Amino acid sequence: NHVGDHDIAHNMAQRKCEALLNQRQSIQTVINKQSDVEKREYRTHLNASVDCICFLQRQGLAFRGHDESKDSNNQENFLELLQFLAKHNEEIDKAVLKNAFENHQMTSPDIQKEIANAAAIDTINAIIKDIRDSLFAIIVDESRDMSTKEQLEIVLRYVDKLGHVNECFLGITHIYNTAAVTLKSAIEEVFNKHSLSISRLRGQGYNEVSNMRDELNGIKTLILKDNPSTCYVHCFAHQLQLTLVAVAKNHIQIATFFNLVAKVFNIVGASCKRRDIFREKHSVEVIEALKNNEISTSRGLNQEMSLKGLGDTRWSSQYGALALQRKDQDIVNAMKLVDISK
């Protein structure tokens, strides 16, 4: 009688108490059930994003493009790949893109960069773990990227526990100038970041630029002062390139020959019409050579040729430029492919 009807406060309090004491209807049980579902969806969504990013990193492909809107016909690599996974996996489809919460898309550039950086850190940690307490050498070079920023690239060379020689790219760091002291500080900063000791360094390899190998103030000398055991080795490929360039420039006929090759490439490469004539001429020669059994057929052979310019920094570029014809013909024959007077 004291509890009263169902709408009386005492009756309502009693029902709430009974519901609270019922474990199957408790707040904690409901929260846990909902949390487990969200955890599974979140893990599925995260794994899909990580798989897409790892694939793009392995293939060296760009993540984003100029138009990633919902109305775009091509939302670029990351979103298109994520959609591809969703179409072929129902579990992923239920957790990503349009089926995800508005604030839980995990497709923003910041999220992509965080996952990509996590993959890079994990890769570097694996390299450092593989080195263990072994001795190692460094190969360092500097270059300017497309945004005109000076970058320092560092590669580690070491022997693993199986006796295999490995060269692993450690990373790129931005430098404000190319002075030897700055370069050494950048290397030390990378070493400290990855718990590498300069006392375990046994080799250093650079090109012939003065700030790298100068006997007085070069980075080679600065590192030798800290660790006299770091043997310096000048890049053999770079030495060979310098020798070839020096010999070629001192020989009048060879120098004239390469100047003529450069002019041919400038003339042909500057015109789409001349390039078409070049491709047509090359295809006719390939067909004729195939008929005469002068060349063999296989996948990847006798493809459409592209023009390669000459360069003093990479001797392989000069070989690629001279491989203009399928035979060792005189460069004048190459000039006949176009009407120079035009």
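# Close-up views of a predicted model

Of the chain's 342 residues, 32% count as buried. This is a predicted model, so keep that in mind as you go through the views.

**View 1. The whole chain, before zooming in.** Start by getting your bearings: the chain's secondary structure comes to 13 helices and five strands. Take the contacts between residues at least 6 apart in sequence, and 54% of them join residues at least 24 apart. Search the whole structure for salt bridges and you find three; they turn up in later views.

**View 2. The five strands form an open sheet.** Here the strands line up in the order 3-2-1-4-5, and their pairing is mixed. Strand 3 (165–174) and strand 5 (231–234) are the edge strands, each with a single partner, so one side of each has no neighbour in the sheet. Going from one strand to the next, the twist averages 25 degrees. As a bit of background, strands of a sheet pair through backbone hydrogen bonds, and they can do it parallel or antiparallel.

**View 3. Strand 2 alongside strand 3.** How do strand 2 and strand 3 run? They run antiparallel, and nine bridges join strand 2 (residues 150–159) to strand 3. To find your place in the pair, look for Leu152, which stands opposite Thr173 in strand 3.

**View 4. Arg157 and Glu167 share a salt bridge.** Stay with the two strands and look at the side chains of this pair: Arg157 forms a salt bridge with Glu167, and their closest N and O atoms are 2.4 Å apart. Arg157 belongs to strand 2 and Glu167 to strand 3, so the pair, ten residues apart, links distant parts of the chain. Buried or exposed? Arg157 has 37% relative accessibility, so this residue counts as partly exposed. Glu167 comes in at 48%, so it also counts as partly exposed.

**View 5. Phe136 and its surroundings.** Phe136 is found in strand 1 (residues 136–144). With a relative accessible area of 2%, Phe136 is buried. What does Phe136 touch, leaving aside its neighbours within four places in sequence? The contacts include Leu156, Arg157 and Tyr158, along with Phe191, Leu196 and Leu201. Tyr158 is 22 residues away from Phe136 along the chain, yet their C-alpha atoms are separated by 4.6 Å. Ile131 is another residue in contact with Phe136, and you'll meet Ile131 again in the next view, among the buried residues of helix 5.

**View 6. Helix 5 from end to end.** Helix 5 (residues 109–131) has 23 residues. From its first C-alpha to its last, helix 5 reaches 33 Å, close to the 33 Å expected at 1.5 Å a residue. Which residues of helix 5 are buried? They are Gln112, Ile115, Ala116, Ile124, Ile127, Ile128 and Ile131. Right after the helix comes Arg132, whose phi is positive, near 55 degrees.

**View 7. Lys184 with two salt-bridge partners.** Begin with Glu188: its side chain meets that of Lys184 in a salt bridge (2.3 Å, N to O). Both residues lie in helix 6 (residues 180–193), four residues apart, or about one turn of the helix. Now for the other partner: the side chains of Asp226 and Lys184 meet in a salt bridge too (2.7 Å, N to O). Asp226 lies in helix 8 (residues 219–226) while Lys184 lies in helix 6, so this pair ties together parts that are 42 residues apart in sequence. Salt bridges with shared partners join Lys184, Glu188 and Asp226 into one network. As for burial, Lys184 is buried, with a relative accessible area of 13%. Glu188, at 29% relative accessibility, counts as partly exposed, and Asp226, at 45%, counts as partly exposed as well.

**View 8. Helix 10 crosses helix 11.** Two packed helices are described by the angle between their axes and the distance between the axes. For helix 10 (residues 252–269) and helix 11 (residues 272–291), the axes come within 6 Å and cross at roughly 110 degrees. Helix 10 and helix 11 are therefore roughly perpendicular to each other. Which residues of the two helices meet? Ile267, Val268 and Gly269 in helix 10 meet Arg274, Arg275 and Phe278 in helix 11.

Terms used
Residues are numbered from 1 along each chain as its sequence is written. This is a predicted model: local features need pLDDT of at least 70, side-chain atom pairs count only at pLDDT 80 or more; totals for chains, interfaces and linings use all residues. Side-chain values use heavy atoms; hydrogens and water are left out. Two strands pair if DSSP finds at least two bridges between them. Axes are lines fitted to C-alpha atoms, for helices over the stretch in contact, and angles run from 0 to 180 degrees between N-to-C directions. The expected span of a helix is 1.5 Å times one less than its number of residues. Buried means under 20% relative accessible area, exposed over 50%, partly exposed in between (1.4 Å probe, protein chains only). A salt bridge is a side-chain nitrogen of Lys or Arg within 4 Å of a carboxyl oxygen of Asp or Glu. Angles under 35 degrees count as roughly parallel, over 145 as roughly antiparallel, 65 to 115 as roughly perpendicular and the rest as oblique. Contact means heavy atoms within 4.5 Å.
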